[in-house]
Amino acid sequence: MTERFDCYHCNESLYGKKYILKEENPHCVPCFEELYANTCEECGTPIGCDCKDLSYKDRHWHEGCFHCSRCGSSLVDKPFAAKDEQLLCTDCYSNEYSSKCQECKKTIMPGTRKMEYKGSSWHETCFTCQRCQQPIGTKSFIPKENQNFCVPCYEKQYALQCVQCKKPITTGGVTYREQPWHKECFVCTACKKQLSGQRFTARDEFPYCLTCFCELYAKKCAGCTNPISGLGGTKYISFEERQWHNDCFNCKKCSLSLVGRGFLTERDDILCPDCGKDI
């Protein structure tokens with residue numbers, strides 16, 4: 001007696017019929033399509049065994065249903081893009097969603113590299129230096145009046161040259177006597193401390209921090225022996241080639257301030273009239 005060969009699901013005989021194995025179990029075509037066939041996203045009918053099943057992100061289409069949702073052209077074996085779960089050919093996607101190149105005004109096709117800056121887009125090959133016309137790519141650049149420059153070209157065309165080191169000043173900088181300096185180059189002539197943002201003065205056109213200037217050039221107070229800077233409106237008294245801070249110009253004996261008063265001298269000391277009566 002011949003051994004039975006039936007459909008695993010409906011038990012109908014498969015002799016002389018087309019069948020499909022699923023996990024080593026034979027199924028007639030109707031049962032297989034009912035149980036396992038994917039449903040087409042476009043027409044909503046099963047994709048039968050005799051049809052080509054095209055899939056994208058767990059979604060399935062008949063070959064004839066796999067087309068652009070805008071123009072209806074077939075997407076079989078062609079590049080496409082997806083937007084809001086709709087499939088679009090590259091032309092329709094570009095016309096509707098792709099950005100335009102700021103330089104050549106042409107569409108930047110999906111999948112191609114592009115450069116973006118402040119809301120504008122360029123083809124990679126169109127994003128070039130205004131001066132040398134070489135692609136900038138991922139290198140640093142400097143915008144100037146709606147134009148982009150690679151750093152070397154910007155420095156050659158626009159950057160000021162530091163009067164000290166003769167190199168371009170690309171950021172920040174200090175102006176002194178109408179000449180440009182790097183912040184790190186504008187230093188005290190004596191101690192080399194940076195002067196940017198600090199109070200300073202000059203002698204013979206050379207800049208000095210206040211400490212160095214006072215130590216090197218300021219007159220010394222005859223009272224406290226500290227320098228009298230004379231800067232920022234500092235007041236001092238001068239008498240016979242000697243100087244005093246206003247606060248130090250006091251009677252040697254009673255410490256009365258002698259600013260704006262008469263006084264007497266005894267050797268290196270200054271005295272008020274009352275303390276000097278017995279001289």
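This passage describes a helix, a hairpin, the salt bridges, a pocket and one buried residue of the structure.

The structure is a predicted model, in which local features need pLDDT of at least 70 and side-chain atom pairs count only at pLDDT 80 or more, whereas totals for chains, interfaces and linings use all residues. Residues are numbered from 1 along each chain as its sequence is written, and side-chain values use heavy atoms, with hydrogens and water left out.

Helices (H or I, at least four residues) and strands (E, at least two) are taken as DSSP runs and numbered from the N terminus. In helix H4, which covers residues 210-217, the residues Cys212, Phe213 and Cys214 are buried, where buried means under 20% relative accessible area, exposed means over 50%, and partly exposed lies in between (1.4 Å probe, protein chains only). The buried residues of H4 pack against four strands, namely E15 (200-203), E16 (206-209), E17 (219-220) and E18 (227-228), with contact taken as heavy atoms within 4.5 Å.

Further along the chain, strand E19 (residues 236-239) pairs with E20 in the antiparallel sense over 4 bridges; two strands are said to pair if DSSP finds at least two bridges between them. Phe239 has Arg242 of E20 as its bridge partner. The two strands form a hairpin with 2 residues between them, and Glu240 in the turn has a positive phi of about 50°. Within E20 (residues 242-245), Arg242 and Trp244 point one way while Gln243 and His245 point the other way, and all of these residues are buried.

A search of the whole structure finds 4 salt bridges, each being a side-chain nitrogen of Lys or Arg within 4 Å of a carboxyl oxygen of Asp or Glu. In one of them, Glu41 is joined to Arg59, with the closest N and O atoms 3.6 Å apart. This pair links distant parts of the chain, since Glu41 lies in the loop between helix H1 (29-36) and strand E3 (53-56) and Arg59 lies in strand E4 (residues 59-62), 18 residues apart. Glu41 is partly exposed at a relative accessible area of 42%, whereas Arg59, at 18%, counts as buried.

A salt bridge also joins Arg113 and Glu124, whose closest N and O atoms are 3.4 Å apart. Arg113 belongs to the loop between helix H2 (90-96) and strand E7 (114-117), and Glu124 to the loop between strand E8 (120-123) and strand E9 (141-144), so the pair ties together parts that are 11 residues apart in sequence. Arg113 is exposed at 57% relative accessibility, while Glu124 is partly exposed at 28%.

The largest pocket holds about 330 Å³ of space. On a 1 Å grid over the protein atoms alone, a pocket is an open set of points where a 1.4 Å probe fits, with protein on both sides within 12 Å along at least five of seven lines, and lining residues have an atom within 4 Å of a point. Of the 16 residues that line the largest pocket, Gln102, Trp122, Asn146, Gln147 and Asn148 are the closest to its centre. The elements that give two or more residues to this lining are E8 and strand E10 (147-150).

Strand E8 also holds Ser121, which is buried at a relative accessible area of 7%. Not counting residues up to four places away in sequence, Ser121 touches Ser99, Lys100, Cys101, Gln102, Ile108, Lys114, Met115 and Glu116.

Terms used. Grid points are joined across faces, edges and corners, and a volume is the space filled by probe spheres set on the points.
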